[in-house]
Structures are given as structure tokens and as C-alpha cells.
Amino acid sequence: MNKNSIHHLSSIIPFPVISQFDKKIRTFPLIFLLFSPVAVWMVTEAISPQIVRAYTARVNLSIDRLPDEGYEAVLRRAETTARAAAQRSFDQDILVTEVSVIVSVQSYGAIAPILSLEVSRQQWRTRPDPRRWATYFKTARSLLFFEQPQTTLNPTTEVTTSPTTTPPTQPPEPQATPTE
């Protein structure tokens, strides 16, 4: 006499906890188990979408000082340049939330930052005035030689002297020596 019996995998394993899970797993359809992570993900995204990754745009600009231009005129040009750069940065990229612009001036071989503009998109939308959001560097005036009186030196100008013609020198005449 042979007794044929079908053994379930869970009945072979002696742990009662596993056999309880086996009964529950058989009751769920396989399709639900395959698509449940997708459904959970879609519900999570619908309830609370991910935060958009925003960033700060950084711009470094340099302008040259024009001849006979005063400090205030250079400062106004720097403000205009910073304003244009900030507006361009916000217009070019929708994900930019803040802009940082540093404007440097080159004057007679010296270069120094003159202003720094740091503004958020909301602040710029409320008031797009660079004077409101800019930080001015006080030492830029002296570093760029605005304090000193301007002497216009042209390094390419050379002083040349024209040679003068002198008559050829003749040997001195022999002098007579008195004889006694």
C-alpha cells in the first residue's frame, strides 16, 4: 500500500508563520501584485509631487573704464550692466530662483569688483532696480585709481632727441713755449 499525498511547500517548512503567508498570497491575484507598486507611485505623485530643483545663476562681468570717465559714471554703467545680466538670467532659464552678478571694472591695468547684485526671482519681479539689491564695494574707488589725479601717460610715446650736427673737431694748435 502506497499512500500518495501532495505536499505543499509551506507544509514542508515547519514554520507556522510562513504557512499563514502562503494562504494569503494565494488569495491575491498575480496581476495585482505586479501593478501595485505602479499604482502606489501614481497615487503618491498625485498627492504630493516632487519639488522642482531650482538653482542660482552666477554671472561675472567685466567692463573697461573709458578715458576721462569718473567713478559715478562707471558705477552707473556697472548698475546697468548688472540689471541687464540679471534680467537675461531670469528670462533664459525658468528654473533659476536666484541670480548673483559681480561686475568688475578694469582701469589702467587694475581690475577690481565694483558691485555685487544678489536677488531672487520674486524680489526682482517686485522691484527690478539694481540699486535696491546691489552691494557696493567701497574700496573699489581707490583700487581703480579714481582717487589720484589723472595724468595721461601714453606708454607707446617715446621721447626722441634729434642729433645735432657739430663741426668736426680740429686738433689743437701747438702752442709756442717761451724759450729763455
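## A guided tour of the predicted chain

Among contacts (heavy atoms within 4.5 Å) in the protein chain between residues at least 6 apart in sequence, 57% join residues at least 24 apart. This is a predicted model, in which local features need pLDDT of at least 70 and side-chain atom pairs count only at pLDDT 80 or more, while totals for chains, interfaces and linings use all residues. Residues are numbered from 1 along each chain as its sequence is written, and side-chain values use heavy atoms, with hydrogens and water left out.

**Whole chain**

Begin with the protein chain coloured by pLDDT, the predictor's confidence in each residue, from 0 to 100. The average is 76, and 62% of the residues score at least 70. Next select residues 153-169, where pLDDT stays under 50 and the model has zero contacts beyond four places in sequence. Where pLDDT is low, the predicted coordinates should not be read in detail.

Switch to a cartoon view. The protein chain holds seven helices and four strands, taken as DSSP runs numbered from the N terminus (helices H or I, at least four residues; strands E, at least two). Along the sequence they follow the pattern α-α-α-β-α-β-β-α-α-β-α. A surface view shows about 15,200 Å² exposed, of which carbon and sulfur atoms supply 60%; accessible areas come from the Shrake-Rupley method with a 1.4 Å probe, and for residues only the protein chains shown count as cover. Of the 180 residues, 22% count as buried, the term meaning under 20% relative accessible area, with exposed over 50% and partly exposed in between (1.4 Å probe, protein chains only).

**The largest nonpolar core**

Select Val99, Val101, Val103, Ile114, Leu115, Leu117 and Trp124: of the 27 residues in the largest nonpolar core, these touch the most other members. Such a core is a set of buried Ala, Val, Leu, Ile, Met, Phe, Trp, Tyr and Cys residues joined through side-chain atoms within 4.5 Å. Strand S1 (55-64), helix H4 (71-92), strand S2 (96-107) and strand S3 each supply at least two residues of this core, and H4 gives the most, with eight residues. Centre the view on Val103; leaving out residues up to four places away in sequence, Val103 touches Leu61, Ile63, Ala78, Ala82, Pro113, Ile114 and Leu115.

**Two stops on strand S3**

Strand S3 covers residues 110-120 and includes Ala112. Ala112 is buried, at a relative accessible area of 3%. Beyond four places in sequence, Ala112 touches Ser104, Val105, Leu143 and Leu144. Measure-tool users may draw the C-alpha to C-alpha line from Ala112 to Leu143: the two are 31 residues apart in sequence and 6.7 Å apart in space.

Move along to Ser116, also placed in S3. Ser116 counts as buried at 8% relative accessibility. Apart from neighbours within four places in sequence, Ser116 is in contact with Val101, Ile102, Trp133, Ala134, Thr135 and Phe137.

**Salt bridges**

Now display the charged side chains. Five salt bridges are counted, each a side-chain nitrogen of Lys or Arg within 4 Å of a carboxyl oxygen of Asp or Glu.

- Select Arg77 and Glu69, whose side chains meet in a salt bridge at 3.0 Å, N to O. Arg77 is partly exposed at 28% relative accessibility, whereas Glu69 is buried at 10%.
- Select Glu72 and Arg141, which form a salt bridge at 2.8 Å, N to O. This pair links distant parts of the chain, with Glu72 in helix H4 and Arg141 in helix H7 (residues 140-143), 69 residues apart. Glu72 is partly exposed at 46% relative accessibility, and Arg141 is partly exposed at 28%.
- Select Arg76 and Glu79, whose closest N and O atoms are 2.8 Å apart in a salt bridge. Both lie in helix H4, three residues apart, about one turn of the helix. Arg76 is partly exposed at 38% relative accessibility, while Glu79 is buried at 5%. Add Arg131 to the selection to show the network of salt bridges that links Arg76, Glu79 and Arg131.

**The aromatic pair**

The last stop is the one aromatic pair counted. Rings of Phe, Tyr and Trp (its six-membered ring) pair if their centres lie within 6.5 Å; planes under 30 degrees apart count as stacked, over 60 as edge-to-face and the rest as tilted. Select Tyr71 and Phe146: their ring centres are 5.3 Å apart and their planes stand at 70°, so the pair is edge-to-face. The pair links distant parts of the chain, Tyr71 being in helix H4 and Phe146 in the segment after H7, 75 residues apart. Tyr71 is buried at a relative accessible area of 10%, and Phe146 is buried at 15% relative accessibility.
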